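Student: I'm new to this one and would like a close look at a single part. Could you walk me through the place where the ligand sits, and then through what the rings and charges are doing elsewhere?

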Amino acid sequence: MTSLSSPLFIKKKTPPPLFLSLLSSLCVYIYIYIYICEAEMFSIVVKMEEKAENWIWICMGTGVAVLWLIYKMRKKQNEEKERASGVPRGNSGWPLLGETLDFIASGYTSRPVTFMEKRKSLYGNVFKSNILGKGIIVSTDAEVNKVVLQNNGDVFIPCYPKSITELFGKNSILQMNGPVHRRLHGLIGSFLKSPQLKARITRDIEASVRHFLSTWQEKQHSIVYVQDEAKKISFEVLVKLILSVDPGEELNLLKNEFEELTKGLICLPIKLPGTTLYKSLKAKERLTRMVGKMVEERKLSMEKKEKGFPNDAIDVLLGNADGAKQPLPYDFISANLIEMMIPGEETVPTAITLAVKFLSDNPVALHRLLEENLELKQQKISCCEDYSWTDYLSMPFTQNVISETLRLANIINAVWRKSLKDVKIKGHLIPKGWCVLASFTSVHMDEENYENPYNFDPSRWEKVGVAVTSNTFTPFGGGQRLCPGLELSRLEISIFLHHLVTTYRWVAEKDEIVYFPTVKMKNKLPINIMPLQQSPLIQTKQN
Ligand code: HEM
């Protein structure tokens with residue numbers, strides 16, 4: 001046992017000062033050493049982290065560069081293969097996006113054809129591009145377009161954006177192919193072109209135009225929006241033509257639903273509650289029910305009546321006018337009647353509005369149009385005769401104004417087709433599954449085809465005669481899908497222009513054309529109107 005007085009105990013109790021100071025210095029040293037080490041360790045860790053971060057970046061950068069190189073090499077290889085097989089030259093643009101942004105951006109300019117012109121100058125009349133991740137061949141060549149339009153069904157089929165295909169349905173005339181398409185196109189075409197229909201519809205169009213123009217009397221010296229007025233007239237005429245519905249509550253209901261339906265034609269293809277496409281599809285369901293009821297009622301009344309000339313498109317589709325063994329099913333008829341209204345609903349009012357716009361900017365052309373139409377009016381008054389559809393369609397200058405409007409406005413600027421097999425046109429290969437964009441605008445605005453193509457010059461048509469369609473003039477398309485409403489549209493525009501210029505003078509407010517997503521006037525073309533007799537001079541406000 002250690003006693004309290006042992007030397008060890010005494011040492012512990014009273015340590016010598018030198019030892020103590022050495023110990024404390026050692027502690028301080030160790031502490032400082034640890035502190036410094038920790039700090040160093042920390043900075044090393046930080047440096048390592050930084051280095052690691054740098055490495056991550058370097059690795060990622062190298063990865064991206066390698067992927068990009070692989071992508072570029074693959075692209076080059078594919079392009080070489082494509083070129084060797086005859087696929088037109090061009091640029092596929094960015095991965096996924098392709099050249100979509102450039103394509104859309106040019107649509108927002110006053111010259112949407114710039115997208116085509118730029119590439120045409122680099123690669124030629126037919127070139128390759130990529131829109132929304134899809135390889136497409138763009139044709140600005142009138143002859144290639146003709147082949148594309150004529151080879152319908154067996155080589156090329158329509159190819160629309162997803163929102164449109166969702167809304168149209170597989171059985172729409174705009175999407176179907178083969179014998180069913182030929183049958184439907186034949187039935188509708190022969191009805192719309194028939195002299196009996198034109199005679200009857202002339203009176204309906206006149207009644208609508210006169211009614212709306214008479215309401216302008218109250219708006220004297222105030223503004224009228226041509227685009228809105230033309231839309232009201234065209235919808236009334238179209239619904240009469242297809243469903244025999246007269247102005248009133250039913251027409252208003254159809255109009256509201258139809259407006260909701262057409263909103264979905266150009267929108268994101270997302271079909272969730274609340275989205276535009278969803279609302280449009282719902283509107284189409286309601287419209288199909290309404291039209292379905294009309295079709296059933298008509299079928300019952302047809303059974304009781306003798307067969308005569310069809311009154312409207314319902315009669316045409318129910319009536320088996322082509323004598324086919326298989327009558328068309330009711331739901332097919334209802335859906336098609338609605339879808340048939342789509343190509344006619346926007347196009348005619350746009351053509352009317354742009355004709356007024358171009359005439360407002362061209363007093364000389366307006367003056368010639370007025371002279372020709374006043375002459376017809378005088379003639380009709382002196383003979384106490386009604387107008388016939390041939391009166392309207394045989395005014396050459398008026399028809400030239402319409403042709404020039406359709407050429408310059410490019411309401412349907414192109415058609416999209418998909419190739420069902422590899423096909424070569426003028427040495428250009430269009431591979432199976434690719435889309436072809438046959439650009440009408442490029443052909444209509446090409447100096448090779450039209451002198452000073454950006455000028456509104458109706459007299460240019462005097463040299464070629466009244467143009468209906470040709471390789472270089474395709475506002476109504478061509479081939480088996482040539483618009484069946486072609487003559488009817490010309491008739492409607494002629495009737496509107498006749499009654500407008502022989503009733504009113506106008507001064508157009510400043511406005512401009514927008515081309516995307518569809519052609520229209522930015523401010524709906526406001527005009528100041530005054531009756532003809534009060535103002536013998538043609539007045540236009542130059543923009
Ligand atoms: C200025 C007015 C119009 C223009 C510029 C126009 C233009 C066109 C064009 C370019 C096509 C061909 C589409 C394609 O090949 O894929 C077409 C087809 C069609 N149009 Fe018109 N259209 C007009 C008025 C009308 C009217 C008033 C109606 C109806 C009454 C109508 C009914 C149709 C139908 C049903 C088709 C589809 C034909 C088929 O695929 O067989 N169009 N239209």
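Tutor: Let's start with a contact on the ligand: one of its oxygen atoms lies 2.7 Å from an N or O atom in the side chain of Arg 417. Keep in mind that this is a predicted model. Arg 481 offers a similar kind of contact, with 3.0 Å between an N or O atom of its side chain and a ligand oxygen. For His 181, the distance from a side-chain N or O atom to an oxygen of the ligand is 2.6 Å.

Now for the metal. Which protein atom serves as donor to the iron atom of the ligand? It's the SG of Cys 483, 2.3 Å away, and the protein gives the iron no other donor. If you want to find Cys 483 along the chain, go to the loop between helix H18 (460–464) and helix H19 (486–501).

Step back a little and you'll see the whole shell, with 24 residues around the ligand. His 181, His 185, Arg 417, Arg 481 and Cys 483 are the closest of them. Where does the shell come from? Helix H7 (178–193), helix H9 (226–243), helix H13 (330–361) and strand E5 (414–419) each bring at least two residues to it. H13 has the largest share, with 5 residues. Sorted by character, the shell holds 15 nonpolar residues, 7 polar ones and 2 charged ones.

On to the rings. Tyr 450, Trp 461 and Phe 473 make up one aromatic cluster. Tyr 450 has a charged partner too: the charged end of Arg 407 sits over its ring, 4.9 Å from the centre.

Lys 524 plays a matching part at another ring, with its charged end over Tyr 225 and 5.8 Å from the ring centre. You'll find Lys 524 in the loop between E11 and strand E12 (526–531). Is Lys 524 buried, exposed or partly exposed? Its relative accessibility is 36%, so it counts as partly exposed. Lys 524 also shows how the chain folds back on itself: its C-alpha is 9.9 Å from that of Thr 350, though the two are 174 residues apart along the chain.

How many aromatic pairs are there in total? The count is 11. One of them is Tyr 108 with Phe 516, a tilted pair with centres 5.2 Å apart and planes at 55°. This pair ties together distant parts of the chain, 408 residues apart: Tyr 108 is in the loop between helix H3 (100–107) and helix H4 (114–123), while Phe 516 is in the loop between strand E10 (513–514) and strand E11 (520–521). Tyr 108 is exposed, because its relative accessible area is 59%, and Phe 516 is partly exposed at 27%.

Compare that with Tyr 160 and Phe 168, an edge-to-face pair with 5.8 Å between the centres and 80° between the planes. Tyr 160 is partly exposed at 29% relative accessibility, whereas Phe 168 is buried at 5%.

One last stop is Ser 280, which belongs to helix H11 (residues 276–304). Its relative accessible area is 0%, so Ser 280 is buried. From the C-alpha of Ser 280 to that of Leu 265 the distance is 8.3 Å, with their positions 15 residues apart in sequence.

Definitions and conventions: Residues numbered from 1 in each chain as written. Predicted model: local features only at pLDDT ≥ 70, side-chain atom pairs only at ≥ 80, totals over all residues. Heavy atoms only, no water. Phe/Tyr/Trp six-rings, centres within 6.5 Å; stacked < 30°, edge-to-face > 60°. Helix = DSSP H or I, 4+ residues; strand = E, 2+ residues; numbered from the N terminus. Buried < 20%, exposed > 50% of the residue type's maximum accessible area, 1.4 Å probe, protein only. Lys NZ or Arg CZ within 6 Å of the ring centre and 35° of its normal. Donors = N, O, S within 2.8 Å, 3.2 Å for Na, K, Ca; no water. Near = heavy atom within 4 Å. Polar contact = N/O pair within 3.5 Å; in protein donor to acceptor, adjacent residues only side chain to side chain. Nonpolar A, V, L, I, M, F, W, Y, C, P; charged D, E, K, R; others polar.
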